[in-house]
Amino acid sequence: MTKMRDVVELLKKEHTRLTKQIDGVTAALAAFGNSYRNGNEKRTISAAGRARIAAAQKARWAKQKAKAGTPKKRVMSAAARKRIAAAQRARWAKIKAKS
């Protein structure tokens with residue numbers, strides 16, 4: 001029975017100690033909590049700030065487009081086209097000769 005009382009007394013003391021500790025932490029949060037932003041608050045940006053961001057993004061895109069440019073078109077000479085056409089006609093003639 002005395003052991004039971006000792007355990008209960010220890011638990012009550014621990015409860016009191018933890019309650020005081022929680023009160024201290026709560027007071028610290030109340031003191032410092034106002035100086036920190038709440039994560040749920042919506043942040044706004046000025047119109048001038050948005051304009052600066054938009055101008056910077058447009059400049060980045062213009063730089064990217066200027067760097068890419070348009071690819072050069074590959075042009076085949078008339079002689080090359082004639083050689084390819086002749087080779088193709090020869091291949092077809094060979095296939096038709098087999099059948």
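## A tour starting at R74

Select R74: with 83% relative accessibility, this residue counts as exposed, because exposed means over 50%. The model you are looking at is predicted.

**Stop 1: around R74.** Show the backbone on both sides of R74. R74 sits in the loop that links α2 (47-68) to α3 (78-98). Now add K58 to the selection. K58 and R74 are 16 residues apart along the chain. Draw a line between their C-alpha atoms, and the separation is 31 Å.

**Stop 2: α2 and its end.** Select residues 47-68, which form α2. This helix has 22 residues. From the first C-alpha to the last, α2 reaches 32 Å. That is close to the 32 Å expected at 1.5 Å a residue. Next, pick G69, just after α2. What phi does G69 take? G69 has a positive phi of about 60 degrees.

**Stop 3: the salt bridge.** How many salt bridges does the structure hold? There is one. To see the pair, select R17 and E14 and show their side chains. The N to O distance in this salt bridge is 2.6 Å. Side chains of opposite charge can pair when their charged atoms come close. Both residues belong to helix α1 (residues 2-33). They are three residues apart there, so about one helical turn separates them. Are these two residues buried or exposed? R17 is partly exposed, at 42% relative accessibility. E14 is partly exposed too, with a relative accessible area of 33%. Both labels follow because partly exposed covers values between 20% and 50%.

**Stop 4: the whole chain.** Zoom out and colour by secondary structure. The protein chain has three helices and zero strands. Read from the N terminus, the order is α-α-α. Turn the model along its principal axes: the C-alpha atoms fill a box of roughly 115 × 55 × 15 Å. The radius of gyration of the protein chain is 42 Å, whereas a compact globule of 99 residues would have one near 13 Å.

**Stop 5: surface and charge.** Switch on the surface. The protein chain has an accessible surface of about 10200 Å². Carbon and sulfur atoms account for 62% of that area. How much of the chain counts as buried? Of its 99 residues, 2% do. Finally, colour by charge. The protein chain carries 27 positive and 5 negative charges. The mean positions of the two sets lie 52 Å apart.

Methods. Residues are numbered from 1 along each chain as its sequence is written. This is a predicted model: local features need pLDDT of at least 70, side-chain atom pairs count only at pLDDT 80 or more; totals for chains, interfaces and linings use all residues. Side-chain values use heavy atoms; hydrogens and water are left out. Helices (H or I, at least four residues) and strands (E, at least two) are DSSP runs, numbered from the N terminus. The radius of gyration is taken over C-alpha atoms; the globule rule is 2.2 Å times the number of residues to the power 0.38. Buried means under 20% relative accessible area, exposed over 50%, partly exposed in between (1.4 Å probe, protein chains only). Accessible areas come from the Shrake-Rupley method with a 1.4 Å probe; for residues, only the protein chains shown count as cover. Lys and Arg count as positive and Asp and Glu as negative; His and the chain ends are not counted. The place of a charge is taken as NZ of Lys, CZ of Arg, CG of Asp or CD of Glu. The expected span of a helix is 1.5 Å times one less than its number of residues. A salt bridge is a side-chain nitrogen of Lys or Arg within 4 Å of a carboxyl oxygen of Asp or Glu.
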